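This briefing was prepared for a reader who has the coordinates at hand. It moves from the whole chain to one selected helix.

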Amino acid sequence: MRRILTASVLGLSLAVSGLVAHADPMKVGMITTLSGGGAGLGVDVRDGFMLALKQADAKDIEVVTEDDAQKPELAVQIADKMIQSDKVDVLTGIIWSNLAMAVVPNAVAQGKFYLSTNAGPSALAGEKCDKNYFNVAYQNDNLHEAMGNYANTAGYKKVFIMAPNYPAGTDSLTGFKRYYKGDLSGEVYTKVGQTDYAAEIAQIRDSGADAVFFFLPGGMGIAFMKQYAQSGVETPVMGPGFSFDQDVLGAIGDAALGVKNSSHWSKDLDNAANKRFVEGFQAEYGRLPSLYAAQGYDTANLLVAAAAKASVKDADAFRAALKEAQFDSVRGKFKFNTNNHPIQDIYVREVIKEGDVLTNKIVATSFTDHEDAYAKDCKM
């Protein structure tokens, strides 16, 4: 599915156009997942991104959106078409790290800017970093590192860990193990898109684990949690925010109540930008935002702020404007490290219920001004 969105299509007014009214036109190619089990993630990234452009009245930014269907080969085809035929200036939107690894190196080699709204594979943070690649979300290990750190403070000594077998999954468990000091009762990599977890739950039951850490984004996490709740296994679970965020909590249901998870963002972060985002997202779309929506929103606002300072046609000036990251982030403070990945706080959240709606609240801070482990390998 292909959509071209501009400010005029969204029916925006000139009332708040001062920031970008005189910016040079920019074309953005958004490749994201809008169908299949991972569609909720892509929809939230897209919706957060477009809300930010609407609030900024960014009439000079045109967005071409296409569905990658979570297929690397399709994402590559779309990126080639966007670069060669659509003549986009910036690419963004990819959710999955295997798709990012297929698309990003070729895109930046052609002089295009890529702003990541989600995927943060370790290779692109380290040896394969690039001056035109900016990750506005996190490096894949980060939220998992925070839960490894939390597992220590929670007193867990024998954790069973599990993630899908693709770059973000291996980064996930690598990150957890980097900070976790106890023993592992099991380490399992599942198939991407898997929906039946009976064998893995049996392994957990027999492992003697005192806790389970899992990273299963989108439909994978929904399937696992429903089956886990029905299994009768009472070993407590925890995970990164991806496994317990707004995009999946409604489908998981009350089985998620009380679960601890990590995130660099939460709807209860007390800053003006976040309040505007959460209220605006609910008003625009009739639902609470997820961390994916927050990342899409921040990415668009970074783009708007950079466009107000420099033309995307002047690559050096535009790159410098991106690096400054002078925008109001929903996370509060925000800055890029030397490898163009965020230095940011990471929190521990707990799943709660507000009325009939499952959501999260911050209960602790796991890391302050946290940097990823791969910046030292980035030689740009």
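The points below cover overall form, an annotated domain and a single helix.

The structure is a predicted model. Its protein chain contains 12 helices and 14 strands. The radius of gyration is 20 Å, close to the 21 Å given by the globule rule for 380 residues, so the chain is as compact as a globular protein of that length.

**Overall form**
- The C-alpha trace of the protein chain spans about 60 × 45 × 35 Å along its principal axes.
- Of the 380 residues in the protein chain, 60% are buried.
- Among contacts with a separation of 6 or more, 73% join residues 24 or more positions apart.
- The exposed area of the protein chain is about 14000 Å², and 49% of it comes from carbon and sulfur atoms.

**Annotated domain**
- An unreviewed UniProt entry places the feature "domain: Leucine-binding protein" at residues 25-355.
- Over residues 25-355, helix accounts for 44% of the chain and strand for 20%. The end C-alpha atoms of this stretch are 44 Å apart.

**Helix α8**
- Helix α8 comprises 13 residues, 219-231. From first to last C-alpha the helix reaches 18 Å, close to the 18 Å expected at 1.5 Å a residue.
- Its buried residues are Met220, Gly221, Ile222, Ala223, Phe224, Met225 and Tyr228.
- These buried residues pack against the strands β7 (158-164), β9 (211-214) and β10 (237-240), and against the helices α7 (198-207) and α9 (246-252).
- Gly232, just after α8, adopts a positive phi of about 85°.

Conventions. Residues are numbered from 1 along each chain as its sequence is written. This is a predicted model: local features need pLDDT of at least 70, side-chain atom pairs count only at pLDDT 80 or more; totals for chains, interfaces and linings use all residues. Side-chain values use heavy atoms; hydrogens and water are left out. Helices (H or I, at least four residues) and strands (E, at least two) are DSSP runs, numbered from the N terminus. The expected span of a helix is 1.5 Å times one less than its number of residues. Buried means under 20% relative accessible area, exposed over 50%, partly exposed in between (1.4 Å probe, protein chains only). Contact means heavy atoms within 4.5 Å. UniProt positions are given in the numbering used here, feature names are shortened, and annotations may be inferred rather than shown by experiment. The radius of gyration is taken over C-alpha atoms; the globule rule is 2.2 Å times the number of residues to the power 0.38. Accessible areas come from the Shrake-Rupley method with a 1.4 Å probe; for residues, only the protein chains shown count as cover.
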